[in-house]
Amino acid sequence: MTSIKNVYDEVRVFFDEESEWDVAIKREWIEGFLRQKAWQGANDEALRDTWRNLHMFVLYLAYSGETVVDEMTASEYSLAIEWMIVQIEDFKPNVKTVRHLFDVLLEFYEFLATKKIVAETAGLQQAKEYMTGGKRLKFIEADSEQDELQLFEEGASSSSKSLLTMPKDLGRIVGEAVERLMIKFSAYFQQENFVDDFDRALMLYLGPLNQMPEDEDDDEFWLGFWDYFLFDYHLLSNDKTPLVQFNMDYSERLASEERKILQELMGAKFTVFYVESVINQDWVECINLLTEEKFRLPNPNFDYKLVKKLLFYGHVFLQQEEKELVMINFITSVEISSNLRRRIKEEIIRQKVMLQIQQPDATWNDFVQRHANAVRHTIDLLATWARVNVTSYAQVERSFPHPANHDKTSIVNSEVLELIERFMPKFGYSHHDAVLAQKLWQDFSYAGTVNVRKPAAWASAVIFAYSQINTGDAEVPAETLAEEMAISKSSISVNRAKMFEVLKLERYDLRYLSEEGMISLLYDLQ
């Protein structure tokens with residue numbers, strides 16, 4: 001066990017343990033600086049405080065890959081502070097703490113300048129003056145650095161859809177961290193076995209109107225899509241989200257910090273919320289539109305009259321005990337009236353009732369895990385397309401036949417179940433689709449005695465019926481099913497008719513409604 005006697009031992013141990021790092025600041029520079037301060041009369045406590053501040057900065061440099069400190073811009077120092085706020089447990093995001101850190105760095109740079117190691121400190125000086133020159137800590141946007149340094153207050157954008165960079169003291173560093181992982185996400189999901197998933201996810205995200213933005217390189221569109229794909233999309237093969245699959249397959253190849261970020265991302269919850277009140281200059285109180293739970297977010301510093309009209313939706317990361325924001329990811333906002341907000345809630349409540357036809361015990365968490373994309377489309381349709389409603393009253397109010405033998409010992413032909421599971425992926429259906437189709441077969445089996453002479457004839461009829469319920473014009477042709485499963489087209493038609501009659505099936509039947517079916521239903525104007 002290493003013995004730590006003084007601050008120099010702390011420096012030595014740190015650099016010995018992290019010797020593989022290529023850090024822009026050398027051990028001998030720090031030791032020389034500390035020894036000079038000791039000669040000037042600094043006591044052990046002051047030296048340890050100096051090292052603690054330099055230690056945080058060195059950790060950031062190792063994380064960011066910066067190699068030349070005197071080329072860092074003011075915005076890069078701002079980003080360093082944001083990283084420390086998130087990653088250093090007891091680093092307080094206030095003017096006093098940050099100003100003290102900058103003072104230590106400036107004194108250190110002056111020492112390095114005497115050694116002809118550092119020649120330029122303008123970026124650090126600008127960052128200190130701008131960020132800590134007032135009563136409240138301010139941050140610098142990387143892509144508008146010069147404007148922000150000239151203007152001490154920047155008006156909030158009134159765009160209805162944007163990256164929610166509020167809170168600046170926490171939010172943007174998350175975006176930077178995600179951006180670093182995005183390279184690995186992108187490489188992983190560009191493997192050939194994910195091509196069908198990517199195409200399907202894009203189709204679901206766009207909806208039946210299939211409207212790509214005019215600029216196909218639109219960053220905002222693709223940020224929104226990737227947010228949906230990683231967090232909410234369900235993979236064809238196993239119904240897991242891509243983020244979960246990536247964690248299963250790739251987490252061991254990530255650096256420890258990347259694994260930590262990935263775990264935090266996996267704790268994100270899709271949330272629809274609005275700002276109820278301003279608590280103080282730092283915090284606002286928000287309300288989850290669906291559950292009415294309250295939680296705090298850092299103050300976005302928008303005009304209060306505007307922020308009261310905005311409905312936000314996206315992924316937030318909350319501490320379970322205090323309901324206090326840890327991070328936020330890509331957030332969309334739309335300006336709406338309080339009446340429209342109420343109508344949106346009513347529509348989504350009705351969609352949850354629809355899911356409960358399939359899953360009687362489904363919670364709000366279950367609903368958003370399955371149908372977060374439907375929520376996005378619902379808000380867009382009601383707020384942008386001025387639809388009166390998007391959810392079918394007729395479907396919700398339907399009464400469904402109860403299978404007569406459901407509570408008795410019923411024989412469900414397992415060969416049919418196996419064929420459904422084996423053949424549905426061949427027709428582009430997901431694992432979840434196969435589960436719902438198998439449920440359709442089970443319900444039909446419970447409803448009466450089924451004479452199964454050719455399991456393939458019944459399995460193909462189930463797939464055909466399921467496709468008619470959910471995809472309408474895009475249903476799998478009976479000819480294709482007959483050829484693939486080596487049965488007659490007429491047997492598919494006859495068996496399909498029996499199932500529709502016994503179970504009283506209809507298009508968009510809620511008992512077997514898929515994610516594709518739900519999205520199609522929202523856009524169906526009938």
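A salt bridge here means a side-chain nitrogen of Lys or Arg within 4 Å of a carboxyl oxygen of Asp or Glu. With that cut-off, Arg12 and Asp16 qualify, since their side chains meet at 3.9 Å, N to O. Before going further: what you have in front of you is a predicted model.

Let me stay with that pair for a moment. Asp16 sits in helix H1, residues 7-17. Arg12 and Asp16 are four residues apart in this helix, so about one helical turn separates them. How accessible are the two? Arg12 is partly exposed at 28% relative accessibility, and Asp16 is also in the partly exposed class, with 43%. The pair does not stand alone, because Asp9, Arg12, Asp16, Arg27 and Glu31 are linked in a network of salt bridges. Two members of that network, Asp16 and Arg27, are 11 residues apart along the chain, and their C-alpha atoms are separated by 9.6 Å.

How many salt bridges does a search of the whole structure find? The count is 23. I will pick out two more, and they share an arginine.

The first is Asp239 with Arg370, where the closest N and O atoms are 2.6 Å apart. Asp239 lies in the loop between H10 and helix H11 (242-250), while Arg370 belongs to helix H15 (residues 364-383), so this pair ties together parts that are 131 residues apart in sequence. Are these residues buried or exposed? Both Asp239 and Arg370 are buried.

The second is Glu515 with Arg370, at 2.9 Å between the closest N and O atoms. Here too distant parts of the chain are linked: Glu515 is in helix H22 and Arg370 in helix H15, 145 residues apart. Glu515 and Arg370 are both buried. To put the arginine in one sentence: Arg370 bridges to Asp239 and to Glu515.

Next, the strands. Strand S1 covers residues 269-278, and five bridges join it to S2 in an antiparallel arrangement. Within this pairing, Val278 stands opposite Val284 in S2. The two strands make a hairpin, with four residues between them.

On to the next pairing. S2 is joined by five bridges to strand S3, residues 294-298, and these two also run antiparallel. Which residue is the bridge partner of Ile287 in S3? It is Lys294. S2 and S3 again form a hairpin, this time with five residues between them, and Glu292 in the turn has a positive phi of about 65 degrees.

So S2 pairs with S1 and with S3. Why is S2 described as largely enclosed by the rest of the structure? Because five of the six residues of this strand, residues 283-288, are buried. As background, side chains in a regular strand alternate between the two faces of the sheet.

Glu292 brings me to backbone angles elsewhere. Lys116 is not a glycine, yet its phi is positive, near 60 degrees. Lys116 lies in the loop between helix H5 (95-114) and helix H6 (122-132), and its relative accessible area of 76% makes it exposed. Lys504 is another non-glycine residue with a positive phi, about 55 degrees. Lys504 is in the loop between helix H21 (489-503) and helix H22 (515-523). With 42% relative accessibility, Lys504 counts as partly exposed. Helix H22, at the end of that loop, is also the helix that holds Glu515.

Now the surface. Which residues form the negative surface patch? They are Glu214, Asp215, Glu216, Asp217 and Asp219. Of these, Asp219 is placed in helix H10, residues 219-231. Asp219 counts as exposed, because its relative accessibility is 60% and the cut-off for exposed is over 50%.

One last contact, back in the early part of the chain. Thr67 is in the loop between helix H3 (44-64) and helix H4 (74-87). Its relative accessible area is 54%, so Thr67 is exposed. How far apart are Thr67 and Ile25? In sequence it is 42 residues, and in space 8.2 Å, C-alpha to C-alpha.

To recap three points. Asp16 is part of a salt-bridge network with Asp9, Arg12, Arg27 and Glu31. Arg370 is buried, as is its partner Asp239, and Glu515 is buried as well. Strand S2 has five of its six residues buried. That is what I have.

Note on methods: Residues numbered from 1 in each chain as written. Predicted model: local features only at pLDDT ≥ 70, side-chain atom pairs only at ≥ 80, totals over all residues. Heavy atoms only, no water. Patch = residues over 30% accessible without salt bridge, like charges linked within 9 Å, V, L, I, M, F, W, Y side chains within 5 Å. Areas by Shrake-Rupley, 256 points an atom, 1.4 Å probe, with all protein chains shown as cover. Lys, Arg positive; Asp, Glu negative; His and termini not counted. Charge placed at Lys NZ, Arg CZ, Asp CG, Glu CD. Buried < 20%, exposed > 50% of the residue type's maximum accessible area, 1.4 Å probe, protein only. Pairing = 2+ DSSP bridges.
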